[in-house]
Amino acid sequence: MMSMAPTMIMAGVAAVLVVLSSAAAMAAAAGLDLDFYSSTCPRVEAIVKEETAEILKVSPTLAGPLLRLHFHDCFVRGCDGSVLLDSTPTSTAEKDATPNLTLRGFGSVQRVKDKLEQACPGTVSCADILALMARDAVVLANGPSWSVALGRRDGRVSIANETNQLPPPTANFTRLVRMFATKGLSVKDLVVLSGGHTLGTAHCNLFSDRLYNFTGANKLADVDPALDAIYLARLRSRCRSLADNTTLNEMDPGSFLSFDASYYRLVAKRRGLFHSDAALLTDPATRAYVQRQATGLFAAEFFRDFADSMVKMSTIDVLTGAQGEIRKKCYLVN
């Protein structure tokens, strides 16, 4: 046992180095840099982490929403902060489109931006702030950390109709794979990033079609057979109708404030909230990953995978160099 310890330690170090080298390679390919603000705003990461910690101390339920904001940003126009922009009299922005109406955390992002404007005026983009806050929210919820390459620029356009690029909770496996592939993300990224559902809550209307009138037969017994019957009854006791768009449900009951692998145990038991969660059991590769993580023996592996997939996602179609701008306010173009 003692003789194996150094080997295990070296393996762990090697895994970390692989993640770091992967992050650096992806960053370079996207035109980002791990040391982008080293001379212009050297305390950027410290400031973001300090403010995010203060925000989550008061509102711990924001960890999931901050992660979700980054995801929704990157899937539409790339990671350019377009999800943060307000609508104008002539254009409806992403944040006011149906898939984004339940997003939270906009004020928290602006709070961090204001702090950075005091320290380094006109320097740090809102897109970079989103990437850093998502990472810090996961870390502060006891999840993994990863290196965030910086240098994203903020986009000047936000169009509500373009949110059709967001994978909906009603999507089947084929559609999910296609939508992730469009963004350069693999089937493994799909099953790993779905693990982010360990954090946060969801409104009933995002999954209530699984509880009522599933096939349109309009019968009480017309439910999604892919959903565990006991869990279905529990959800029905909270979500009283298809029209309920106010009641919140923990996506990972009992653990929705903590980042862990328990999401996969729920999915393996057919207790994932969304169609998209259940879809992971319909493919051999993703089902195998779910079942492996459901054992509870490979959480460290999931953490490494999640970090790697987040690095990959955070480089989607970024604006760099002279593209875009550095907004003064995250909700307005300059």
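Visitor: How much space lies in the largest pocket?
Guide: This is a predicted model. A pocket is open, whereas a cavity is a space from which a 1.4 Å probe cannot get out. The space in the largest pocket comes to about 960 Å³.

Visitor: Which residues are the closest to the centre of the largest pocket?
Guide: The lining has 40 residues. Five of them are the closest to the centre. They are Arg68, His72, His197, Leu206 and Phe274.

Visitor: Which helix gives the most to the lining of the largest pocket?
Guide: Several elements supply at least two residues each. Among them are helix 6 (173-182), helix 7 (187-193), strand 1 (201-203) and helix 12 (299-313). Helix 3 (63-74) is also on that list. With 6 residues, the top contributor is helix 3.

Visitor: How many residues of the lining of the largest pocket are charged?
Guide: Nonpolar residues number 22 in this lining. Polar residues add 15. The charged residues number 3.

Visitor: Where do the residues closest to the centre of the largest cavity come from in the sequence, and which are they?
Guide: The search of the whole structure finds 2 cavities of 30 Å³ or more. The largest holds about 40 Å³ of space, and 10 residues line it. Helix 1 (residues 5-30) supplies the largest share of that lining, 3 residues. The closest to the centre, however, are Ser147, Val148, Ala149, Val311 and Ser314.

Visitor: How many charged residues are in the lining of the largest cavity?
Guide: The lining divides into 7 nonpolar and 3 polar residues. The count of charged residues is none: no charged.

Visitor: Which charged residues line the second largest cavity?
Guide: About 40 Å³ of space lies in this cavity. Its lining has 5 nonpolar, 1 polar and 3 charged residues. Ala226, Leu227, Val267, Ala278 and Leu281 are on the list, as is Gly272. Arg counts as charged, and the Arg residues in the lining are Arg210, Arg270 and Arg271.

Visitor: Is the crossing of helix 3 and helix 5 left-handed or right-handed?
Guide: The axes of helix 3 and helix 5 (residues 126-140) come within 8 Å. They cross at roughly 145°. The crossing is left-handed.

Visitor: Which residues in helix 5 meet helix 3?
Guide: By class, the contact has 10 nonpolar, 1 polar and 1 charged residues. Helix 3 brings Ala63, Leu66, Leu67, Leu69, His70 and Asp73. From helix 5 come Leu130, Ala131, Met133, Ala134, Ala137 and Val138.

Visitor: Why is the disulfide of Cys41 and Cys120 right-handed?
Guide: The structure holds 4 disulfides. One of them joins Cys41 to Cys120, with S to S at 2.0 Å. It is right-handed because the torsion about its S-S bond is about 75°.

Visitor: How many residues apart in sequence are the parts that Cys41 and Cys120 tie together?
Guide: Cys41 lies in the loop between helix 1 and helix 2 (44-58). Cys120 lies in the loop between helix 4 (106-119) and helix 5. The pair therefore ties together parts whose separation in sequence is 79 residues.

Definitions and conventions
Residues are numbered from 1 along each chain as its sequence is written. This is a predicted model: local features need pLDDT of at least 70, side-chain atom pairs count only at pLDDT 80 or more; totals for chains, interfaces and linings use all residues. Side-chain values use heavy atoms; hydrogens and water are left out. On a 1 Å grid over the protein atoms alone, a cavity is a set of points where a 1.4 Å probe fits but cannot get out, and a pocket is an open set with protein on both sides within 12 Å along at least five of seven lines; lining residues have an atom within 4 Å of a point. Grid points are joined across faces, edges and corners, and a volume is the space filled by probe spheres set on the points. Helices (H or I, at least four residues) and strands (E, at least two) are DSSP runs, numbered from the N terminus. Axes are lines fitted to C-alpha atoms, for helices over the stretch in contact, and angles run from 0 to 180 degrees between N-to-C directions. A crossing is left-handed if the near helix is turned anticlockwise from the far one by less than a right angle, and right-handed if clockwise. Contact means heavy atoms within 4.5 Å. A disulfide is a pair of cysteine sulfur atoms within 2.5 Å.
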